[in-house]
Amino acid sequence: MKWPVVNGVSCVTYYAHDHELVDNAVRFYTNYLGLTIHSETDNGVYLASDDSLLVLKLVVSKEAPDSAEVKKIHKRFEEDLNIVDWRSRAPGFTLSIADLNSTILKLQQAGLVLQITPNDLYPNEAYFIDPLGNLVGLTTTANPLSLVPPVKKLDQPNEGYIMSATVSEATNNNGAPLKGSKNVAVMTSGGDAPGMNACVRAVVRAAIYHECKAFCVMEGYEGLVRGGKEYIKEMSWQDVRGLLAEGGTNIGTARCKAFRERPGRLQACQNMIEAGIDALIVCGGDGSLTGADLFRAEWPSLIKELLDTNRINQSQYHTYKHLNICGTVGSIDNDMATTDATIGAYSALARVCQAIDYIDATANSHSRAFVVEVMGRHCGWLALMAGIATSADYIMIPEKPSSSKGWKEQMCEIVSKHRSKGKRKTIVIVAEGAVTSELEPISSKEVRDELVKLGLDTRITTLGHVQRGGTAVAYDRILATLQGVEAVKAVLECTPDTPSPLIAVVENKIVRKSLVEAVQITKSVAEAIEEKNFDKAMDLRDSEFVEHLHNFIAMNSANHNEPSLPVEKRKKIAIVNIGAPAGGMNSAVYAMATYCMSRGHTPYAIHNGFSGLARHESVNLIDWLLIQGYNSVGGSEIGTNRATPHETDIGMIAYYFEKYQFDGLILVGGFEAFVSLDELEKARCTYPSFRIPMVLIPATISNNVPGTEYSLGADTCLNALVEYCDVVKQSASATRDRTFVIEVQGGNSGYIATFASLAVGAQISYVPEEGVALDQLEADIASLRKQFASEKGMSKSGKLILKSSNASKVLTTQVLADIVKQEAHGEFDTKTAIPGHVQQGGLPSPIDRTRAARFAIRSVQFIEDSFDTINKHHYDVDFPIENTELSNTAAVLGVKSSHLKFTSIRKLYDFETELGRRMPKKISWKFTRDVADRLVGRERLIKELGQVPSLA
Ligand SMILES: Nc1ncnc2c1ncn2[C@@H]1O[C@H](COP(=O)(O)OP(=O)(O)OP(=O)(O)O)[C@@H](O)[C@H]1O
Ligand SMILES: O=P(O)(O)OC[C@H]1O[C@](O)(CO)[C@@H](O)[C@@H]1O
Ligand SMILES: [Mg+2]
């Protein structure tokens, strides 16, 4: 794509008040507009187009965020949205019509505020607001826009939060709130999936919050076809209480034949109109959403036929002329295009991994082979991710088949090599839809027969519907809840011209996509497989899927295939765990070591942190056989502690680095690891042995490492906490009149408390960023009293209060519980529950295992890429300490909007960290607090997160 500069400007300079904003803008311009980073300085980034023309400079201004300058930018932004002649105001880019259209689509998919000129004067222009608040124009001088209908507003500008949804009120085009304007129905369809209940709860409560009536369509499309009050039921706030903790879908689901035929859809249309439904939210898989899309496309003809045959009257015809429909993706298969995850997929993955962990034990005992068949009719996502998370020997997925004979040879060769290296067990995972390159189905029995031929005592385990059962993991509850809230907002904001939305999760954000397009791309994956065009099928899967597959193959070839790097490029790379244990630490070691082996590097483990190294020279070559099984154990197998290099003996550490001639270091840990990396980077001028690439993989349940929105271990912790809270809530509900104050870990970060409260439906949460303000406490107690009074001890009315241990030093958990109890005046009872270190979790979650593998492999690649840069200065007497290129070789690997990004420790430590509080300056999840409160009807008095003084 070419990006010539218009208006005779060769360089456009934008100002932002902090590095984070510049990072967001850089991410945006590189991801969506195809620019590349030309160079970086301490206070800005230059971006260039493909043809190396300098077009954009993003600068960190010294001005404070509330400075006059920044206010001016915002004012201009607001004015610009209303002016007619934007052209004179906005710097922009000229594009071909095709590029313009595809860029506009990308921008819409990114959920950006977007305006397309609605008048004839400039029909070829689109304008958007970039992440710095600047108005930017895209122009073409070719044909008028034809592909994209005018869309006034889709969403707020992105910033990139861990699964955040926007929580602003639904508004019309003039910004007026939309309240009470619709009857909103939700249904679940296709195979049930854990998390569907959370979605139903969120839709019902968000609809009621917006003063709409909420309905549930029972039994999927079957209920829509049958109609009547039995199948289309109005729901109250209380009707969806307790749903978060329940698996499956309580409103029923079905695979409905009648809806596949036009007469069935005609009847469904009539039933919806008779029930007065204005908007329908469908939570289902690819099939259900294909049905929804067809229903949408046919609606005008259906409603016309109903009018012509007198099945509805004129007034109904006019009121319901446009179908307002919205999809959220609920399926364990994770096979819907344009969304990274479907509701239920990670819960099913958790079931699969748990089962394989169990099988591992018996397989190992008997030295047996197991063929494990997992679900997924047309998609290998479950098999692939389970393969990584359990370090299976071989996987078979529909997207990447081998030839009819080839798979047997390949599988047997790999399995034999693993056995010859001493492995006692063999696990082969077969996706239900696995095929050969000739599309012949591969059965588990065939696989077993091949393994038997190798002389292995082999069993088949078909996991079946166990995979769909059980309660949803934390991730699915959060995803489903945020998507349900967004779906309601979307249907309220839809106008007759708005394309039907699909609520997706992309880059860790909840965004609206086009339902039509998602269905089309999903169909093309199936078509590509049918045409045996497997490369195309892989291309159509998201890039993360492809990366995971490459990683699996690389890790699996460790220690038996010829390494992929030439001898002179092979290095010695060390890994160390620092800080408290966190789920995924062992997986990081396993992935780092096996990937190193596949490349030809030598992996070393530093045992028991820096103190282990300094005091006991605890360094070992990592042995392939010894780390088998690492994925399926919690804690830190190589040992971890909090001591930083300075706190131990940095000189001794440098000595051992020199002795072992390490060429690269990977640190896995939390804030202490962050501080350690800073110390090592600063010590490079004194100790040449630290002049090597160093990467930190954030791993802490507190999720407080600057430079990332997600740390390994946080998901495992959330699952452990959610399980604990479910049990406590069950007890509280059984006694009808009890509140529990649960103390949550997380240091000065309220991340865990906030996301757990969203996932369990806690009535109240207190976090360090807000403290426990007395007026808030008073309001919360008053609200609890009101609720218990209205329920009169007749229903399941247990309540949870989640308190971060550092939310207040004065109000300890016990004191807080005592105050609540006293102020309840006997109307309800209050107790405490302290999960403590249980929150570190037992077995790491599949999310933490698979992310750990991805992070570790990216880290090794970073070391390979950075080695030459720093090696040039290895022997310099005056090591250049203020050289950005060099300081970039000591970096934190972070998730930013689900992109993995390396940020130099210098930049993070010096500019983006509140050292005293051990926290990043910017908190990425503040909106999630609002959603959590809104869905339990809590009014939070403190709206802004930050350093709010607490009672402490
Ligand atoms: N092409 C279609 N036209 C009309 N309705 C359809 C179509 N495809 C599916 N549906 C409706 O959606 C229902 C569910 O579809 P399907 O059985 O494919 O499950 P799904 O939504 O893909 O979920 P999962 O794959 O997770 O079980 C079908 O029973 C049918 O009622
Ligand atoms: O429960 P049923 O109707 O037998 O369907 C099983 C199918 O549903 C899914 O679990 C979800 O689509 C598939 O993986 C599996 O093939
Ligand atoms: Mg499906």
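This is a chat about the domains, ligands, sheets and a few loop residues of a predicted model.

Student: Hi! What domains does the domain assignment give for the protein chain?
Tutor: Keep in mind that the model is predicted. The assignment gives domain 1 (11–139), domain 2 (183–341 + 472–522), domain 3 (345–468), domain 4 (567–712 + 847–915) and domain 5 (715–842 + 928–934).

Student: How many Å apart are the C-alpha centres of domain 2 and domain 4?
Tutor: Those two centres lie 47 Å apart.

Student: On to the ligands. Which residues come nearest to ligand 1?
Tutor: G190, G191, G285, G287 and G291 do, out of the 18 residues around ligand 1.

Student: And which helix gives the most to that shell?
Tutor: Helix 7, residues 286–308, with six residues. By class, the shell around ligand 1 has four nonpolar, 10 polar and four charged residues.

Student: What about ligand 2, which residues surround it?
Tutor: Ligand 2 has G191, R255, G285, S331, I332, D333, M375, G376, R377, E432 and R468 around it. Two of these are nonpolar, four polar and five charged.

Student: Which domains does the shell around ligand 2 draw at least three residues from?
Tutor: Domain 2 and domain 3 each supply at least three residues to the shell.

Student: Let's do sheets. What is the strand order in the open sheet that has strand 14 in it?
Tutor: The order is 15-16-14-17, and the four strands pair in parallel. Strand 15 (394–396) and strand 17 (458–462) are the edge strands, each pairing on one side only. On average, neighbouring strands of this sheet are turned by 15° against each other, ignoring direction.

Student: How many bridges join strand 14 to strand 16?
Tutor: Six, and the two strands run parallel. One pair to look for is F370 with its bridge partner I427 in strand 16.

Student: Which strands does helix 10 lie across?
Tutor: Helix 10, residues 381–389, lies across strand 14, strand 15 and strand 16, and runs at about 160° to strand 16.

Student: And the open sheet in the order 27-28-26-29, is its pairing parallel or antiparallel?
Tutor: Parallel, across its four strands. Strand 27 (764–766) and strand 29 (829–833) each have a single partner strand, so one side of each has no neighbour in the sheet. Here neighbouring strands are turned by 20° against each other on average, direction ignored.

Student: Which strands does helix 21 touch when it packs on that sheet?
Tutor: Helix 21 touches strand 26 (738–744), strand 28 and strand 29, and its direction makes about 160° with that of strand 26. Helix 22 (residues 751–760) lies across strand 26, strand 27 and strand 28, at about 165° to strand 28.

Student: Which residue in strand 28 does Y766 stand opposite?
Tutor: Y766 stands opposite K803. Strand 27 and strand 28 (residues 799–804) run parallel and are joined by three bridges.

Student: New topic: what is phi of S367 near?
Tutor: It is near 55°, a positive value in a residue other than glycine. Most residues other than glycine have a negative phi. S367 sits in the loop between helix 9 (345–366) and strand 14 (369–374).

Student: Why does S367 count as partly exposed?
Tutor: Because S367 has 13 C-beta neighbours inside 10 Å.

Student: Last one: is E709 buried or exposed?
Tutor: E709 counts as buried because it has 26 C-beta neighbours inside 10 Å. You'll find E709 in the loop between strand 25 (694–698) and helix 21 (714–734).

Note on methods
Residues numbered from 1 in each chain as written. Chains lettered and ligands numbered in written order. Predicted model: local features only at pLDDT ≥ 70, side-chain atom pairs only at ≥ 80, totals over all residues. Domains from an automatic or database assignment. Buried ≥ 20, exposed ≤ 12 C-beta atoms within 10 Å, placed from the backbone. Near = placed C-beta within 6 Å. Nonpolar A, V, L, I, M, F, W, Y, C, P; charged D, E, K, R; others polar. Pairing = 2+ DSSP bridges. Axes fitted to C-alpha atoms, helices over the stretch in contact; angles between N-to-C directions. Contact = placed C-beta atoms within 7 Å.
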